[in-house]
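Colleague: Could you take me through one part of this model in detail? I'd like to go slowly and then see how it ties in with the rest.

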Amino acid sequence: MQTLIIVTHPDIKNSLINKRWIEELQKFPDQFVVHQLHEAYPDGKIDVLAEQKLIEKYDKIVFQFPYYWFNSPWFLKKWLDDVLLHGWAYGSKSGYPILRKKITLAISLGVTEEELNPGGIYKYPLAELTRPFELSFEYVKADFRPIFAYYGIEYHATPDRIEQSVDQYLDFLRAL
């Protein structure tokens, strides 16, 4: 069974880690389907029905993105607002098409894990900062799973470290 990877990255051509993850995922088309939102909708206009049909086809869905300003890129929020509609994703007449689907996040972060904790400069762990995603997916009755996070990319993006992240990411996805 394939896993749908929905990638939201506004500048994938200049990405180091997300671009590398995509390159690796595309080597395994029997396992992963990569759907890049910025590539699919360069004008920012989302085909809601097409996205809903895509979501319905997969039981495992990963939202992959770089962490910006303590959140996802804006286009992922727009996707969530546009696609997860009342009457389709939730509500008494929806049928809950996302019910029990395994959903998670794969996030690359410029900051280190130590900076995102009570003793760090940013005070809050990533689990707290991503709580709105968890609550949103629980609201539509999905099976929200622990996230994959790769920290410290801003100052520690060596080729070796990026390659280490690839194997860790693949292991994470295969265990989902």
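Which residues in α3 meet which residues in α4?

Modeller: Happy to, keeping in mind that this is a predicted model. On the α3 side you have Val48, Glu51, Gln52 and Ile55, and they meet Trp79, Asp82 and Val83 in α4. Sorted by class, that contact comes to 4 nonpolar, 1 polar and 2 charged residues. As for the geometry, α3 covers residues 48-57 and α4 covers residues 74-83, and their axes come within 10 Å and cross at roughly 90°. The crossing falls between 65 and 115 degrees, so α3 and α4 count as roughly perpendicular to each other.

Now follow Trp79 inwards. Trp79 is one of the residues that touch the most other members of the largest nonpolar core, a set of 34 residues, along with Phe63, Leu84, Ile98 and Phe137. Both of your helices feed this core: α3 and α4 each supply at least two residues, as do β1 (3-7), β3, β4 (102-108) and α6. The top contributor is α4, with 5 residues. That fits a broad pattern: in soluble globular proteins, nonpolar side chains tend to be buried together.

Phe137 is a good place to see the core from another side. Leaving out neighbours within four places in sequence, Phe137 is in contact with Phe63, Leu80, Leu84, Ile103, Ala142 and Phe144. Apart from this core lies another one, of 18 residues, with Ile5, Val7, Val62 and Leu170 among them.

Ile5 and Val7 also turn up around a polar residue, Gln64, whose contacts beyond four places in sequence include Ile5, Ile6, Val7, Trp21, Ile22, Leu25 and Ala106. Gln64 is in strand β3 (residues 60-66), and its relative accessibility is 0%, so it counts as buried. The side chain of Gln64 does have polar partners, though: one polar contact, of 3.0 Å, is with the side chain of Asn18, and another, of 2.8 Å, is with the side chain of Tyr169.

Thr130 is another buried residue to look at, with a relative accessibility of 4%. Thr130 sits in the loop between α5 (126-129) and α6 (131-139), and its side chain reaches back to the backbone oxygen of Leu126 at 2.9 Å. Further along the sequence in either direction, Thr130 is in contact with Tyr67, Leu105, Ile107 and Ile147.

Back to your two helices, and the loops that flank them. Ahead of α3, the loop from α2 (37-40) holds Pro42, which counts as exposed because its relative accessibility is 71%. Pro42 and Pro10 are 32 residues apart in sequence, yet 9.6 Å separates them in space, C-alpha to C-alpha.

After α4, the loop leading to β4 holds Tyr96 and also Arg100. Have a look at the backbone there: most residues other than glycine have a negative phi, but phi of Tyr96 is near 45° and phi of Arg100 is near 65°. Their surroundings can be told apart by accessibility: Tyr96 counts as partly exposed at 23%, whereas Arg100 is exposed, with a relative accessible area of 64%.

Notes
Residues are numbered from 1 along each chain as its sequence is written. This is a predicted model: local features need pLDDT of at least 70, side-chain atom pairs count only at pLDDT 80 or more; totals for chains, interfaces and linings use all residues. Side-chain values use heavy atoms; hydrogens and water are left out. Axes are lines fitted to C-alpha atoms, for helices over the stretch in contact, and angles run from 0 to 180 degrees between N-to-C directions. Helices (H or I, at least four residues) and strands (E, at least two) are DSSP runs, numbered from the N terminus. Angles under 35 degrees count as roughly parallel, over 145 as roughly antiparallel, 65 to 115 as roughly perpendicular and the rest as oblique. Contact means heavy atoms within 4.5 Å. Ala, Val, Leu, Ile, Met, Phe, Trp, Tyr, Cys and Pro count as nonpolar, Asp, Glu, Lys and Arg as charged, and the others, Gly among them, as polar. Buried means under 20% relative accessible area, exposed over 50%, partly exposed in between (1.4 Å probe, protein chains only). A polar contact is a pair of N or O atoms within 3.5 Å; within protein, one must be able to donate a hydrogen and the other to accept it, and residues adjacent in sequence count only if both atoms are side-chain atoms. A nonpolar core is a set of buried Ala, Val, Leu, Ile, Met, Phe, Trp, Tyr and Cys residues joined through side-chain atoms within 4.5 Å.
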